Amino acid sequence: MTTQAPYTPPQFKKDGFNCPFCHAFSNQQWGFPQRVAGNYDYGSDVGFAICRCFRCGAFSTWIGGKMVFPPAVIAPPPNTDIPNDIKKDYEEARAISVQSPRGAAALLRLCIQKLCKHLGESGEKINNDISALVRKGLPAKVQQALDVVRVVGNNAVHPGQIDLNDNPDVTHRLFGLVNVIADVMISQPKQIDEIYNTVVPESQKKAIAKRDGQP
């Protein structure tokens, strides 16, 4: 029960990924233009490529195996149920994730801090907030995901043993963890509430509330 579609970042010569323009997963068509300078044609160059999205028809430009236009964004979009103020920080992290993996990780840590506050905690000390959520029944795997983003994000602010500039894939994975946390803690309860309120008759709701000792 999830609202988040799988995300495949743009990758050189890959025949399918999420388009940086329309964001949909689509087949990609690659071409390697001729190198022409003055009156001389030096032939095609695998180091310079253009890629056309089969769905929207937009062209991305690649040099040396890296996308130079539009500016590369390799992180998945935010879970649609993330509150707007957190979504702004997430999108800022996406925008700088290639140029500054550390900066992106620090912003994602801030997202976790705000998510804890959204879930009813103080939002001041993430460690304390996670402990409080665990006491309220937070699933163990979600706790692990929170701790991963917390620890890596903290190391981005105060560099320790994790060098994100040498391993930007770690930052990319943090985006997925933030979305997983939002899915489990926000999207799934929201979907269950919607189904419950739509399907279960009022008389049955009262009987269920009485069974569970609710006023």
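Biologist: Which residues form one aromatic cluster in this structure?
Modeller: The model is a predicted one. A search of the whole structure returns six aromatic pairs. One aromatic cluster is formed by F12, F17, W30 and W62.

Biologist: Are the rings of F21 and F69 stacked, tilted or edge-to-face?
Modeller: The ring centres of F21 and F69 lie 6.1 Å apart, and a pair needs centres within 6.5 Å. Stacked rings have planes under 30 degrees apart, and edge-to-face rings over 60. The planes of F21 and F69 stand at 55°, so the pair is tilted.

Biologist: How many residues apart in the chain are F21 and F69?
Modeller: F21 sits in the loop between β1 (16–18) and β2 (25–31). F69 belongs to strand β7, residues 66–69. The pair therefore links distant parts of the chain, with a separation of 48 residues.

Biologist: Is F69 buried, partly exposed or exposed?
Modeller: Buried requires under 20% relative accessible area and exposed requires over 50%. F69 has 44%. Its partner F21, at 30%, counts as partly exposed. By the cut-offs, F69 is also partly exposed.

Biologist: What is the area of the nonpolar surface patch that includes V68?
Modeller: V68 is in strand β7 and is partly exposed, with a relative accessible area of 44%. F21, I63 and F69 make the patch together with V68. The area of this patch is about 350 Å².

Biologist: What pattern do the helices and strands follow along the sequence?
Modeller: The protein has six helices and seven strands. Read along the sequence, their order is β-β-β-β-β-β-β-α-α-α-α-α-α.

Biologist: What radius of gyration does the protein have, set against a compact globule of 215 residues?
Modeller: Along the principal axes, the C-alpha atoms fill a box of roughly 85 × 45 × 25 Å. A compact globule of 215 residues would have a radius of gyration near 17 Å. The protein has 22 Å.

Biologist: What percentage of the 215 residues is buried?
Modeller: The accessible surface of the protein comes to about 12,600 Å², with 54% of it belonging to carbon and sulfur atoms. A residue counts as buried under 20% relative accessible area. Of the 215 residues, the buried share is 34%.

Biologist: How many residues apart in sequence are the parts tied together by D81 and K190?
Modeller: The structure holds five salt bridges, and one of them joins D81 to K190, with the closest N and O atoms 2.9 Å apart. D81 lies in the loop between β7 and α1 (84–96), and K190 lies in helix α5, residues 168–199. D81 is buried at 16% relative accessibility, while K190 is partly exposed at 40%. The separation in sequence is 109 residues.

Biologist: Which residue forms a salt bridge with K114?
Modeller: K114 is in helix α2, residues 101–118, and its partner, 25 residues apart, is in helix α1. K114 is partly exposed at 28%, whereas the partner counts as buried at 10% relative accessibility. The N to O distance is 2.7 Å, and the partner is D89.

Biologist: Is E121 buried or exposed?
Modeller: E121, in the loop between α2 and α3, meets K136, in the loop between α3 (126–135) and α4 (140–157). Their salt bridge has an N to O distance of 2.6 Å. K136 counts as exposed at 57% relative accessibility. The relative accessible area of E121 is 13%, so E121 is buried.

Key: Residues are numbered from 1 along each chain as its sequence is written. This is a predicted model: local features need pLDDT of at least 70, side-chain atom pairs count only at pLDDT 80 or more; totals for chains, interfaces and linings use all residues. Side-chain values use heavy atoms; hydrogens and water are left out. Helices (H or I, at least four residues) and strands (E, at least two) are DSSP runs, numbered from the N terminus. Buried means under 20% relative accessible area, exposed over 50%, partly exposed in between (1.4 Å probe, protein chains only). Patches are made of residues with over 30% relative accessible area and no salt bridge: like charges are joined within 9 Å, nonpolar side chains (Val, Leu, Ile, Met, Phe, Trp, Tyr) within 5 Å. Accessible areas come from the Shrake-Rupley method with a 1.4 Å probe; for residues, only the protein chains shown count as cover. A salt bridge is a side-chain nitrogen of Lys or Arg within 4 Å of a carboxyl oxygen of Asp or Glu. The radius of gyration is taken over C-alpha atoms; the globule rule is 2.2 Å times the number of residues to the power 0.38.
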